[in-house]
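Work through the exercises below with the model open. Each task is followed by its solution.

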Amino acid sequence: MRLPEVQRNMGRLRKPSALAVLGWSLSWYVPVVALLLLLFCLGAMEAYREVRFLLFRWTWAFLLSPSAIVWLLATVALITLPLKVMTVIPLFFDSSADTYRLRYRRTALTLVVIPLLFFVMRVVAWGSYPLDYGQDGLYMRMIPLLPPWPSRPLF
């Protein structure tokens, strides 16, 4: 093959962008993503406050406990996992994919799964926070998600 012919064939192999695939469905997709970004940015602000409390009031050695590692991973997943799940929705609207026929059903299912993921990650982050104040004062949790449960509210 000559070079111009290869370049011509490469143009055919390109897949359309997610914006081109969604078309008019962008009218509902963009507000849903904006709403989720707003909700998860509020969660990120709370996580930032908790990390700031751990690092500036206490020593960084608290972050080496197993509970702190689980809490940190759950906090990162609390912010990133719903956004990654939202990026799957444009794949349902590709007309050449097998999922095109059930695109609205799978989109609705995805939008139901996202708050469930948020709630599960929030419970894991709540139950594994490494510092808590109990009857005996401040104590450090070493094993995540085991009693005594944190005294602070879940939400």
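**Exercise 1.** Which residues form a nonpolar patch on the surface?

This is a predicted model: local features need pLDDT (the predictor's confidence in each residue, from 0 to 100) of at least 70, side-chain atom pairs count only at pLDDT 80 or more, and totals for chains, interfaces and linings use all residues. Residues are numbered from 1 along each chain as its sequence is written, and side-chain values use heavy atoms, without hydrogens and water.

Step 1. Apply the patch rule: over 30% relative accessible area, no salt bridge (side-chain nitrogen of Lys or Arg within 4 Å of a carboxyl oxygen of Asp or Glu), nonpolar side chains joined within 5 Å.
Step 2. The patch is Leu35, Leu38, Leu39, Leu42 and Met45, with about 490 Å² of accessible area together (Shrake-Rupley, 1.4 Å probe).

**Exercise 2.** Classify the pair of tryptophan 28 and phenylalanine 93.

Step 1. Ring centres must lie within 6.5 Å; planes under 30 degrees apart are stacked, over 60 edge-to-face, the rest tilted. Three aromatic pairs result.
Step 2. Tryptophan 28 and phenylalanine 93 are 6.0 Å apart centre to centre, with 50° between the planes: tilted.
Step 3. Tryptophan 28 lies in helix 3 and phenylalanine 93 in the loop between helix 5 and helix 6, 65 residues apart.

**Exercise 3.** Is phenylalanine 93 buried or exposed?

Step 1. Buried means under 20% relative accessible area, exposed over 50%, partly exposed in between.
Step 2. Phenylalanine 93 has 5%, so it is buried.
Step 3. Tryptophan 28 is partly exposed because its relative accessibility is 27%.

Note on methods. Patches are made of residues with over 30% relative accessible area and no salt bridge: like charges are joined within 9 Å, nonpolar side chains (Val, Leu, Ile, Met, Phe, Trp, Tyr) within 5 Å. Helices (H or I, at least four residues) and strands (E, at least two) are DSSP runs, numbered from the N terminus. Buried means under 20% relative accessible area, exposed over 50%, partly exposed in between (1.4 Å probe, protein chains only).
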